[in-house]
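Colleague: I would like a close look at one part of this model, taken strand by strand and then residue by residue. Please keep to what can be followed in the viewer.

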Amino acid sequence: GGEGWVETTWLDHTLRDHADARFKLVLGHHPVHPVNGFSGPWQRELARDNGRRFWRILVQHGVLAYLCSHILAFDVQVHEGVLQILTAGAGTAHRMPEGIEYLHCVQLALDAQGMRYQVLDTAGRIREWLAWPLALPPAEGWTALASGIHASPIVDDKPRDTPTARVILWQFCGVCAAENESSAQTLLSGWSPGPALAPLWIGLRGRDHRFSVLLSPSPGRSPHLWRGPSLSPGVPFSLQVAIHSGMGPGGLLWRWDDATPWSSLIAASPWGAERLTWPENWSIGHGQRGPADRPFRGDDLQVRWHTQQ
């Protein structure tokens with residue numbers, strides 16, 4: 001209500017007064033975007049209308065990050081190019097959720113290269129890390145992938161606690177299927193031979209052609225779902241997706257093209273690509289069980305990929 005309007009107006013004026021600041025960080029207590037599936041306006045995050053108004057101001061003024069607390073976890077996600085970094089706990093006995101989150105401290109640096117941080121647990125191990133903004137070559141120079149099955153070009157050759165984040169990126173272009181198509185459609189599936197679900201599935205789901213990612217790192221367990229934008233039926237599309245192994249559940253990102261900002265895909269999972277073991281095969285345009293398995297039903301699918309560490 002009125003209180004939220006006064007607070008965001010004050011924030012807007014403050015950021016205008018400091019428009020020439022090299023780095024703009026905003027600090028608050030409650031997150032704007034839900035963390036680890038803990039959601040509820042006024043209880044787990046800001047009230048929705050206030051949060052949307054607040055975030056628009058951060059985006060408008062080119063804020064680098066919103067630093068917050070409240071949920072007993074470490075979490076990072078990005079929305080319209082602005083980071084939400086949540087760090088909380090300070091010795092509190094419980095975590096959100098237990099067994100996944102951990103007591104931690106964060107080392108963070110800001111300089112001409114941007115922002116870099118690493119998150120240490122009580123044993124001194126580096127658990128999460130990020131350098132932002134991502135420094136990437138133009139997508140037109142990424143490697144093209146034809147439809148069909150390919151041996152995966154990604155090899156898990158480093159221990160999981162090695163503090164060098166791997167970033168895998170894809171660009172998907174094509175013409176979306178017709179409006180009456182509601183079956184799941186595969187853009188890319190990553191899988192190994194055997195009956196287990198593909199550890200990685202990227203595609204479209206539902207009548208609204210919702211861009212979606214499924215991770216299934218544990219055989220016999222249900223996959224976790226990340227959701228992105230809906231695509232217009234019968235219309236050409238182009239979007240990019242990135243998987244960052246050091247960002248936890250917020251490390252599944254999307255944007256339209258090189259010139260638009262990154263946003264985290266929406267999920268309720270407390271874990272992300274750090275649990276993913278890269279599978280042996282990639283199939284483009286269909287699922288792991290062959291051309292009839294959740295095929296892409298649009299036209300002219302084109303895929304490019306890139307990786308960096």
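Colleague: In E18, which residue is the bridge partner of Gly190?

Modeller: The bridge partner of Gly190 in E18 is Trp282. Before going further, please keep in mind that this is a predicted model, in which local features need pLDDT of at least 70 and side-chain atom pairs count only at pLDDT 80 or more, while totals for chains, interfaces and linings use all residues. Residues are numbered from 1 along each chain as its sequence is written, and side-chain values use heavy atoms, with hydrogens and water left out.

Strand E18 covers residues 281-284 (a strand being a DSSP run of E of at least two residues, numbered from the N terminus). Its pairing with strand E11, residues 185-191, is antiparallel and extends over four bridges, where two strands count as paired if DSSP finds at least two bridges between them. E18 also runs antiparallel to E9, to which four bridges join it, and here Asn281 is the bridge partner of Ala151. In general, the strands of a sheet pair through backbone hydrogen bonds, in either a parallel or an antiparallel sense.

The two faces of E18 are both covered, since Asn281 and Ser283 on one side are buried, as are Trp282 and Ile284 on the other; buried here stands for under 20% relative accessible area, exposed for over 50%, and partly exposed for what lies in between, with a 1.4 Å probe and protein chains only.

Now follow the chain out of E9, which spans residues 148-151, into the loop that leads to strand E10, residues 167-175, where you will find Ser152. Ser152 counts as buried because its relative accessibility is 13%. Leaving aside residues up to four places away in sequence, Ser152 touches Pro279, Glu280, Asn281 and Trp282 (contact being heavy atoms within 4.5 Å). Two of these, Asn281 and Trp282, are buried residues of E18, and each has already appeared as a bridge partner, Asn281 of Ala151 and Trp282 of Gly190.

For orientation, Met115 lies 37 residues from Ser152 along the chain, and the C-alpha atoms of the two are separated by 31 Å. Met115 falls in strand E6, residues 114-121, which pairs with E7 in the antiparallel sense over six bridges. These strands belong to an open sheet of three, in the order E5-E6-E7, with E5 (104-111) and E7 (126-132) at its edges, each pairing on one side only.
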